[in-house]
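Grab a pencil and work through a few exercises on the structure below. Each one has a task, then a solution in steps.

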There are 2 protein chains.
Amino acid sequence: MKTEIITIGDEILIGQIVDTNSAWMGEQLNLHGIEVYQVTSVHDDHDHILKALANAEKEVDLVLITGGLGPTKDDITKHCLCEYFNTELVYHPEVFEHVQTLLSSRNVSINQLNRDQALLPASCTVLHNSAGTASGMWFERNGTIFVSMPGVPFEMEAIMTEEVFPRLMKLGNAQSIVHKTILTLGLPESTLSEKIEGWESALPGFIKLAYLPSALTVRLRLSAYGTDKSLLEAEIEKQVKELQHIIPEYIFGFDDENMALVIGRMLVESSKTLAVAESCTGGNIAHSITSNAGSSAYFKGGVVAYSNEIKTRLLEVPPVMIETHGAVSQQVAEAMAVGVQKAMNADYSIATTGIAGPDGGTSEKPVGTIWIAVAGPSGVKSQEFIFRHNRERNIIRSTQTALNFLRKLILKDQSAK
Amino acid sequence: MKTEIITIGDEILIGQIVDTNSAWMGEQLNLHGIEVYQVTSVHDDHDHILKALANAEKEVDLVLITGGLGPTKDDITKHCLCEYFNTELVYHPEVFEHVQTLLSSRNVSINQLNRDQALLPASCTVLHNSAGTASGMWFERNGTIFVSMPGVPFEMEAIMTEEVFPRLMKLGNAQSIVHKTILTLGLPESTLSEKIEGWESALPGFIKLAYLPSALTVRLRLSAYGTDKSLLEAEIEKQVKELQHIIPEYIFGFDDENMALVIGRMLVESSKTLAVAESCTGGNIAHSITSNAGSSAYFKGGVVAYSNEIKTRLLEVPPVMIETHGAVSQQVAEAMAVGVQKAMNADYSIATTGIAGPDGGTSEKPVGTIWIAVAGPSGVKSQEFIFRHNRERNIIRSTQTALNFLRKLILKDQSAK
């Protein structure tokens, strides 16, 4: 089923919001074996919306539309759909009742704009929105299905999950697609590509390989297309096993895993605990760890030691050490790691201290200079990194680098056994 | 200058990455007074790429293309552009030299794939990529400009900033657009819309208003279109002032400000400091605060007290209190707030304790139950919230709610003076 996603909203085109809806839909559609052919983002503009609908109808079997269904004046999608399908708005008492119930549960009084949300095109099937007041709409014409949903992510997700996918699966003509992503770290894209060239060339024709580089990692995505899902899965598994023989040391995880999750699994397996002491990363390492469900099994906690006073009071870093070497130094990073390991009675710890920017840099220690230390049962290790990016990227790269530094220490400890 | 952005990459359409490039470009183009007409995302597919280029050429004056320029086999954009513009790849020694210099500075040895990055279409102007090895390309045909750039965000951003905008500004026929966004919190979209209906109806025709609701906030974006930029700015400012008279208590900031930044400004103005104690938010409040440059002026630090042991050891929460009332309770939240205020010698503090999920919920305290406490010079306040979302959204909403709770306390303290 060839699909186009149309996201409507000026806020997308002027970059005020990032269009996460199409990414969520793309992922979910793929899991259901449906291929997204194109994503198109257009303005809240009558002519442009009608043109986008007509273009999509020419190309695809399924058009998923988000945005422009709110109760306010700038939301015009519903009226455009009426015009496109040559139909009129009719009153749906059951929708009005739902809007009324939902708003009163939120202690919001109903007004005319809310009442108008019960007016929906006569020729569509109304899709219940369990998470909000704007209903979804399902149209069919000349073999093409059109679904319109609100742009608020969790409302769109509710309608897709509860109303759209069950209907699509009943149609049941979806091709099978199987994806597997291998997460690598430590090799730049071109070197990695050279290393796995032979494997890549020998991939069967129905498997596609894509390289997805980001800050420090390169993800390798295998996609297999066909009709027999279990056959596709078996072939993907076989190819992944072969790859694991070629670059074992560079693979740290699969699919939507992340470095913090992988570390968590290693800690659970070895019954060890973790604590963190963060200066320049400002809580982002703790946040990365605790974003994973179940992290309370191995994560004791963290100290965000943003001022020198806190480094001394809570982590027992000697004031004279900070005076002598500066807060951004090997000595302080190591003292923070050992200090938090002790304060939290943890097996492993991570500490960061650096200059995230934009201010605070010197010629000797420019913005992006960061000391990372990790401590474990076998002692403490530290290393200096210089990232020279903006504040946001310095924080992200420091976080990833620190987690990987710990991962390597745990691996080493495990292999030493 | 009517513009279309084309982002190329299978990974976008299967939702493996979120297309942040087009949001960044949309925002920057608007700041330069250039309107994005449409964003189109297509596969790494020869026919589809050529079709998207042809469709864009019919509609717009400027086509910005990202993605598919990496050194590996799945990157085919360069070859598609050669075909589209009926030209051939030629060797650029200065590009090869740049690739070589860049890779050796990263201690990466050069290979054939890197060498091929110096092969670029004969009919384009090569745009220097200071941040990577894939050059940008600038083509012109029949009055339409095409620019192709790599999909790695910071490489695209470098080429846009250093090469594309200076050239576009020389062409100098851009319309002026002035945006101003008002950040509101506390009113749902429909109630807000009713309250400001008179103001909205009286807006001049060249100013558009858009409602941008998200988790807890509704942003109101005013966009003014015309030729005289200073006149547009003056009119926008006048309208914002009028709005501030209508809903003063619901406006907490403007444009790309965020709640943590606004709180930071209030703390700096009153020379006060802040510390946080986080359980269920796991470091995300500290991260939100420290994401803002200059936060070290008012943020002392935080304790991520993920285990009860740490609540006791570092925040002096009595073990018997945790036993009697449970870790997720009013008593523990307040004790954490007071504990961290004292431990960090801070004027204000925030504490969170709750059940982020997916596990740990009970019938009495379901997933999403959270106690938030804030402490200040005037004492401690606390409140229970029940969010009932997934882990990620529970953490985000708890963070926003906790920050807003503190904002209200500071406001009250200030008005009491």
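Chain A has 16 helices and 17 strands, where helices (H or I, at least four residues) and strands (E, at least two) are DSSP runs, numbered from the N terminus. Before you start: this is a predicted model, in which local features need pLDDT of at least 70 and side-chain atom pairs count only at pLDDT 80 or more, while totals for chains, interfaces and linings use all residues. Residues are numbered from 1 along each chain as its sequence is written, and chains are lettered from A and ligands numbered from 1 in the order in which they are written.

**Exercise 1.** Work out how chain A is divided into domains.

Solution. Step one: list the domains, which are domain 1 (2–171), domain 2 (178–254) and domain 3 (259–416); the bounds come from an automatic or database domain assignment. Step two: check the spacing; the C-alpha centres of domain 1 and domain 3 of chain A lie 45 Å apart. Step three: set that beside the C-alpha trace of chain A, which spans about 75 × 60 × 40 Å along its principal axes.

**Exercise 2.** Find how chain A is laid on chain B.

Solution. Step one: superpose by least squares on the C-alpha atoms of residues with pLDDT of at least 70 in both copies. Step two: read off the operation, a turn of 180° and a shift of 0.1 Å along the axis, with an RMSD of 0.1 Å. Step three: the two copies are thus related as by a two-fold rotation axis.

**Exercise 3.** Test the length of helix α10 of chain B, then say which of its residues are buried.

Solution. Step one: α10(B) has 18 residues (229–246), and at 1.5 Å a residue it should span 26 Å; the expected span is 1.5 Å times one less than the number of residues. Its end C-alpha atoms are 26 Å apart, which agrees. Step two: pick out L232(B), Q239(B) and L243(B) as buried (20 or more other C-beta atoms within 10 Å of the residue's own; exposed means 12 or fewer, partly exposed is in between, and C-beta atoms are placed from the backbone). Step three: these buried residues fall within an arc of 45° seen down the axis, so they line one face of the helix; the arc is that of the directions from the helix axis to the C-beta atoms. Step four: look at the other side of α10(B), where S230(B), K238(B), K241(B), Q244(B) and H245(B) are exposed.
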